[in-house]
Amino acid sequence: MKKLSLIIALVFLMACIAPAALAKGEYLGYVTVVNCNEWVTLRAKPSTKADTVARVPLGATVEAYYYNSQFAECYYLGMHGYILMKYLG
């Protein structure tokens, strides 16, 4: 239980840090897909024009690393790709 509280506190702390203050590759932890209607796109590259790897449903948890102010590098169900930061919370 103590470990879970620590993880939640760290995720909250990371969410409060301005993305510009993060370094590329910095671990964001396990974050939840938010701010969408049904799903977000996990993309092969950090571009909205890149190929789709998977659809990640609203409320799903992904492991994320800061990539840039627009994208996070993510792992979801063994798949690797990029998700727009605005959909992660």
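**View 1. G89 beside the residues it touches in this predicted model****.** G89 counts as partly exposed, because its relative accessibility is 44%, a value that falls between the limits of 20% for buried and 50% for exposed. The residue is placed in the segment after β6. Although 55 residues separate G89 from V34 in sequence, their C-alpha atoms are 6.1 Å apart in space. When residues up to four places away in sequence are left out, G89 touches V31, T32 and V34.

**View 2. The protein chain, with its one helix and six strands****.** Read from the N terminus, the elements follow the order α-β-β-β-β-β-β, and 35% of the 89 residues in the protein chain count as buried. Where contacts link residues at least 6 apart in sequence, 49% of them join residues at least 24 apart. The contact between G89 and V34, two residues that stand 55 apart in sequence, can be viewed against that background.

**View 3. R43, a buried arginine without a salt bridge****.** R43 belongs to strand β2, which spans residues 39-43, and four of the five residues of this strand are buried, so that β2 is mostly covered. Which side chain of opposite charge is nearest to R43? That side chain is D51, and it lies 7.1 Å away; R43 has no salt bridge, because such a bridge would need a side-chain nitrogen within 4 Å of a carboxyl oxygen. The side chain of R43 does, however, reach the backbone oxygen of T48, at 3.3 Å. Neighbours within four places in sequence aside, R43 is in contact with T48, A50, D51, T52, V53, G81 and Y82.

**View 4. The antiparallel pairing of β2 with β3****.** Strand β3 covers residues 52-57, and five bridges connect β2 to this strand in the antiparallel sense. Within this pairing, T41 has R55 of β3 as its bridge partner. T52 and V53, which are among the contacts of R43, fall within the residue range of β3.

**View 5. Strand β5 between its pairings with β4 and β6****.** Strand β5 runs over residues 71-76 and is largely enclosed by the rest of the structure, because five of its six residues are buried. On one pairing, β5 runs antiparallel to strand β4 (residues 61-66) and is joined to it by four bridges, with a hairpin of four residues leading from β4 to β5. Here A64 has C74 as its bridge partner in β5. On the other pairing, β5 runs antiparallel to strand β6 (residues 79-84) and is joined to it by six bridges, and in this case Y76 stands opposite M79 of β6.

**View 6. E63 and its polar contact with Y27****.** E63 is a residue of strand β4, and its side chain makes a polar contact of 3.0 Å with the side chain of Y27. Not counting residues up to four places away in sequence, E63 touches Y27, G29 and Y30, and it also touches E73, C74 and Y75. The last three of these names fall within the range of β5, the strand that runs antiparallel to β4.

**View 7. Two cysteines, C36 and C74, that both count as buried****.** C36 counts as buried because its relative accessibility of 16% is under 20%, and C74 is buried with a relative accessible area of 0%. A disulfide is a covalent bond between the sulfur atoms of two cysteines. How many disulfides are counted in this model? The count comes to zero, so no pair of cysteine sulfur atoms in the model lies within 2.5 Å.

**View 8. N35 and L77, two loop residues with positive phi****.** N35 sits in the loop between β1 (27-32) and β2, and although this residue is not a glycine, its phi is positive, near 60°. Is N35 buried or exposed? N35 is exposed, because its relative accessible area of 59% is over 50%. L77 is found in the loop between β5 and β6, in a hairpin that has two residues between the strands. Its phi, near 50°, is likewise a positive value in a residue other than glycine, and L77 is exposed, with a relative accessible area of 69%.

Technical notes:
Residues are numbered from 1 along each chain as its sequence is written. This is a predicted model: local features need pLDDT of at least 70, side-chain atom pairs count only at pLDDT 80 or more; totals for chains, interfaces and linings use all residues. Side-chain values use heavy atoms; hydrogens and water are left out. Buried means under 20% relative accessible area, exposed over 50%, partly exposed in between (1.4 Å probe, protein chains only). Lys and Arg count as positive and Asp and Glu as negative; His and the chain ends are not counted. A polar contact is a pair of N or O atoms within 3.5 Å; within protein, one must be able to donate a hydrogen and the other to accept it, and residues adjacent in sequence count only if both atoms are side-chain atoms. Contact means heavy atoms within 4.5 Å. Two strands pair if DSSP finds at least two bridges between them.
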